[in-house]
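Colleague: I'm new to this one and would like a close look at a single part: the aromatic rings. Please start there, then carry on to whatever surrounds the story.

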Amino acid sequence: MQPRNMSMSGVVDLAAVKAAQEAKVKAEQARAETARQGGGGAVSPADLVIDVDEAGFESEVLQRSTEVPVVIDFWAEWCEPCKQLSPLLERLALEYNGRFVLARIDVDANQMLMQQFGVQGIPAVFAVVAGQALPLFQGAAAESQIRQTLDQLIQVAEQRFGLTGLAVDPDAEQGERPEVVAEVPAGPYDALLEAAVQALDAGDFGGAVQAYKNVLSDDPGNSEAKLGLAQAELLHRVSALDPQQVRTEAAEKPGDVPAQIAAADLDLVGGHVEDAFSRLIDTVRRTVGDDRDAVRLRLLELFEVVGADDPRVTAARRALARALF
């Protein structure tokens, strides 16, 4: 799971890094307000698994997500796979001991929430972190895969939003509300990342590219900088294009590799993810040598922007493999 904007829209959000930084600030403000109002103490294990409805969604999920990752289990009494998955998620919530809270939503009683999240079938599992949502998986999944997904979610929540979980007291009385998250110090690259965000906000895409490269020069594995760099480079390329001219050339010259690559960039910025991927995969099929390699590399760059766990990326990787081999 790439740390990216957790949007329910399904469209790539190229302001993801900025949105994440803003959400991090809001999360920190919410924690500070909780402390100011006297929130404190460990929570009960019973508070780690909650039933949520439409009326309580804002307070139980959205507000709570500024303090701890909230995993949402969409289920129904008649759903047989849910009867296997839900108890497993409940057990893991207790085992993870406050690193996330599990919110159970009965879809029969909460149709509006089901629609807002775009749930097509159940069981479906989402997460909300600092008020932003992302899909985790749908249908049955092996426990090992679920653990891996949860570990990645927790890592994103901690690294990007400073959410390190709840303190759990096994002897706490039932009904206590989870209110406290341990504070973490600012990371060593926060200033550089903030400079990159400010450059993006000002339309200085070249400056943002350099700022992210500065982070990666010292910390090559920094996931936030990797994502930010891929997005900033895409925005930098697109900012120099004439969209009408690019699309005209791409339509009239299907064999023109630079035209197809530029059009794919525009497709992705416009949220047409599948179109961007399909365009480049079709171009791979029609090309050889250096041209093919250039198209392949651009496609891999766009995969980074969208995120490795996105199902559209998974499908496109398979299609690319078929086109290459």
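Modeller: One term up front: a residue is buried under 20% relative accessible area, exposed over 50% and partly exposed in between (1.4 Å probe, protein chains only). Bear in mind that this is a predicted model, with local features needing pLDDT of at least 70 and side-chain atom pairs pLDDT 80 or more, while totals for chains, interfaces and linings use all residues. Numbering runs from 1 along each chain as its sequence is written, and side-chain values use heavy atoms, leaving out hydrogens and water.

Now the rings. Phe, Tyr and Trp (its six-membered ring) pair when ring centres lie within 6.5 Å, and the planes make them stacked (under 30 degrees), edge-to-face (over 60) or tilted (the rest). That rule gives six aromatic pairs. Take F57 and F117: their planes stand at 80° with the centres 5.8 Å apart, so they meet edge-to-face. Along the chain these two are 60 residues apart, with F57 in helix 2 (residues 57-63) and F117 in the loop between helix 4 (111-116) and strand 4 (124-129). (Helices, H or I of at least four residues, and strands, E of at least two, are DSSP runs numbered from the N terminus.) F57 and F117 are both buried.

Next come F74 and F126, another edge-to-face pair because their planes make 85°, with 5.7 Å between the centres. F74 belongs to strand 2 (residues 70-75) and F126 to strand 4, so this pair ties together parts 52 residues apart in sequence. F74 has a relative accessible area of 0%, so it counts as buried; F126, at 9%, is buried too. Put the four together and you have one aromatic cluster made of F57, F74, F117 and F126.

For a wider view, look at the nonpolar cores (buried Ala, Val, Leu, Ile, Met, Phe, Trp, Tyr and Cys joined through side-chain atoms within 4.5 Å). The largest has 29 residues, and L268, F277, L280, L299, L302 and F303 have the most contacts inside it. At least two residues each come from helix 8 (223-239), helix 9 (243-252), helix 10 (257-269), helix 11 (273-286), helix 12 and helix 13 (311-324). Helix 10 gives the largest share, seven residues. Leaving aside residues up to four places away in sequence, F277 touches L299, L302, F303, V306, R312, V313 and A316, where contact means heavy atoms within 4.5 Å. A second, separate core holds 28 residues, including L48, I50, A76 and V128.

R298 is worth a stop as well. This arginine sits in helix 12 (residues 289-306) and is buried at 16% relative accessibility. Beyond residues up to four places away, R298 touches R237, I261, D265 and L280.

Last, the charges: the model holds 17 salt bridges, each a Lys or Arg side-chain nitrogen within 4 Å of an Asp or Glu carboxyl oxygen. In helix 11, R285 pairs with D282, the closest N and O atoms lying 2.7 Å apart. R285 is partly exposed at 45%, and D282 likewise at 34%. Helix 12 has a bridge between R296 and D293, three residues and about one turn apart, at 2.5 Å from N to O. R91 and E95, four residues apart in helix 3 (residues 80-95), meet at 3.9 Å. Shared partners join R91, E95, E143 and R147 into one salt-bridge network.
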